[in-house]
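Me: I have a model open and would like to learn how to read its helices and charged pairs. Could you walk me through it?

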Amino acid sequence: MITRDVIKNFFEAGGKIIGNATLIIADNILSQEEAKGLEEGIEIGIKNTIASLYEYNVPDKEIIRIVGEYWGLDSKEIEDRLLYEKEQAVVRNFKCYLKLQGYTK
């Protein structure tokens, strides 16, 4: 039986369940709703990992290495996601600046 602890232990063991493994688990064990939740959780984890590392000024090469090691993504996909995060960081910072200047939405 797949439980929260089983999935947690799998992640802690360095499991790389992106791609085929995710689909196998989702198709064979979890309901569609649970599979969707798992996939969304993985995406959020990847996004938060990249955003956090970028926010703390970790060098790009190190971000690519870390995300590749722990999430099992190839470097091209990580580079694309990192570029997107950099764009979003600019937008967030600009919105914050405008709020500090007294502007609203």
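Reply: Happy to. This is a predicted model, and a good place to start is helix H4, where Arg-65 and Glu-62 sit three residues apart, about one turn of the helix.

Me: Why does that spacing matter?

Reply: An α-helix has 3.6 residues a turn, so residues three or four places apart point the same way. Side chains of opposite charge can pair when their charged atoms come close. Here Arg-65 and Glu-62 form a salt bridge, with 2.6 Å from N to O. Arg-65 is partly exposed at 43% relative accessible area, and Glu-62 is partly exposed too, at 30%.

Me: Which residue forms a salt bridge with Glu-77?

Reply: Arg-81 does, and the closest N and O atoms are 2.8 Å apart. Both residues belong to helix H5, four residues apart, again about one turn. Glu-77 is partly exposed at 29%, as is Arg-81 at 22%. The pair also belongs to a network of salt bridges that takes in Glu-43. The count for the model comes to seven salt bridges.

Me: Is Glu-85 buried or exposed?

Reply: Glu-85 is buried, because its relative accessible area is 3% and the cut-off for buried is under 20%. This residue lies in H5 and meets Arg-92 in a salt bridge of 2.5 Å, N to O. Arg-92 is partly exposed, at 43%. Beyond its close sequence neighbours, Glu-85 also touches Lys-47, Ile-50, Ala-51 and Tyr-54, among others.

Me: What covers the buried residues of H5?

Reply: The cover includes helix H3 (32-55) and helix H4 (60-71). The buried residues in H5 include Ile-78, Leu-82 and Ala-89 alongside Glu-85. For the nonpolar side of the story, look at the largest core: it has 13 residues, and Ile-46, Val-67, Trp-71 and Leu-73 touch the most other members. The elements giving two or more residues to this core are H3, H4 and H5.

Me: How do I check the length of a helix, and what happens at its ends?

Reply: Compare the expected span with the distance between the end C-alpha atoms. H5 has 26 residues (75-100), so at 1.5 Å a residue it should span 38 Å, and its ends are 37 Å apart, which agrees. At its start, a side-chain oxygen of Asp-74 comes within 3.1 Å of the backbone nitrogen of Lys-76. After H5 comes Gly-102, with a positive phi near 95°.

Me: Where is confidence lowest, and where is it highest?

Reply: Helix H2 (residues 20-28) is lowest, with a mean pLDDT of 58, while H5 is highest at 95. The protein averages 82, and 71% of the residues score at least 70.

Key. Residues numbered from 1 in each chain as written. Predicted model: local features only at pLDDT ≥ 70, side-chain atom pairs only at ≥ 80, totals over all residues. Heavy atoms only, no water. Expected span 1.5 Å × (residues − 1). Buried < 20%, exposed > 50% of the residue type's maximum accessible area, 1.4 Å probe, protein only. Contact = heavy atoms within 4.5 Å. Polar contact = N/O pair within 3.5 Å; in protein donor to acceptor, adjacent residues only side chain to side chain. pLDDT = per-residue confidence, 0-100. Core = buried A, V, L, I, M, F, W, Y, C linked by side-chain atoms within 4.5 Å. Salt bridge = Lys/Arg side-chain N within 4 Å of Asp/Glu carboxyl O.
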